[in-house]
Amino acid sequence: MSKFENVTVLKEASVYFDGKVTSRTVLFADGSKKTLGIMMPGEYEFGTDAAEIMEMMSGDVEVLLPGETEWKAIPNGESFQVPAKSKFGIKVHSIADYCCSYLTC
């Protein structure tokens, strides 16, 4: 899906790591939520409350998922899932554009 229709976008950005990672929240009529964001090159660790699916739309990234010992490259257009109440690492080698979907189950 290349666009979202009939949504609400929160104006206030979420800003992390001294501005190197930013996102905007998109709310859907069915109560679901996504964030759209940009990550500048660097290495980051994120914690999750809800389970997430991260779709990488552009950029060169590797992730270290919970319980894993090897970093995994995520090609453009691919996604990875992160369990609720966990942490994951991400290495951003070139500016990355992402869409994060929050799972309620």
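Strands (E, at least two residues) and helices (H or I, at least four) are DSSP runs, numbered from the N terminus. The model is predicted, so that local features need pLDDT of at least 70 and side-chain atom pairs count only at pLDDT 80 or more, while totals for chains, interfaces and linings use all residues. Residues are numbered from 1 along each chain as its sequence is written, and side-chain values use heavy atoms, with hydrogens and water left out.

**Exercise 1.** Locate Thr8 and describe its surroundings.

Solution. Begin with the strand: Thr8 belongs to E1, which covers residues 7-9. Next, take its exposure, where buried means under 20% relative accessible area, exposed over 50% and partly exposed in between (1.4 Å probe, protein chains only). Thr8 counts as partly exposed because its relative accessibility is 46%. Finally, look for contacts, meaning heavy atoms within 4.5 Å: once neighbours within four places in sequence are set aside, Thr8 touches Thr25, Val26 and Leu27.

**Exercise 2.** Find how many salt bridges the whole structure holds, and place the one between Asp49 and Lys85.

Solution. A salt bridge is a side-chain nitrogen of Lys or Arg within 4 Å of a carboxyl oxygen of Asp or Glu, and a search of the whole structure finds two. In one of them, the side chains of Glu5 and Lys3 meet at 3.2 Å, N to O, and both residues are exposed. In another, Asp49 pairs with Lys85, with the closest N and O atoms 3.8 Å apart. Because Asp49 lies in the loop between strands E5 (42-47) and E6 (51-64), and Lys85 in the loop between strands E8 (79-82) and E9 (87-103), this pair ties together parts that are 36 residues apart in sequence. Asp49 is exposed, with a relative accessible area of 61%, and Lys85 is exposed as well, at 66%.

**Exercise 3.** Describe the largest pocket through its volume and its lining.

Solution. On a 1 Å grid over the protein atoms alone, a pocket is an open set of points where a 1.4 Å probe fits, with protein on both sides within 12 Å along at least five of seven lines, and lining residues have an atom within 4 Å of a point. The volume, taken as the space filled by probe spheres set on points joined across faces, edges and corners, is about 360 Å³ for the largest pocket. Of its 19 lining residues, the closest to the centre are Tyr16, Phe46, Gly47, Glu52 and Tyr102. Turning to the strands, E9 gives the largest share of the lining, four residues.
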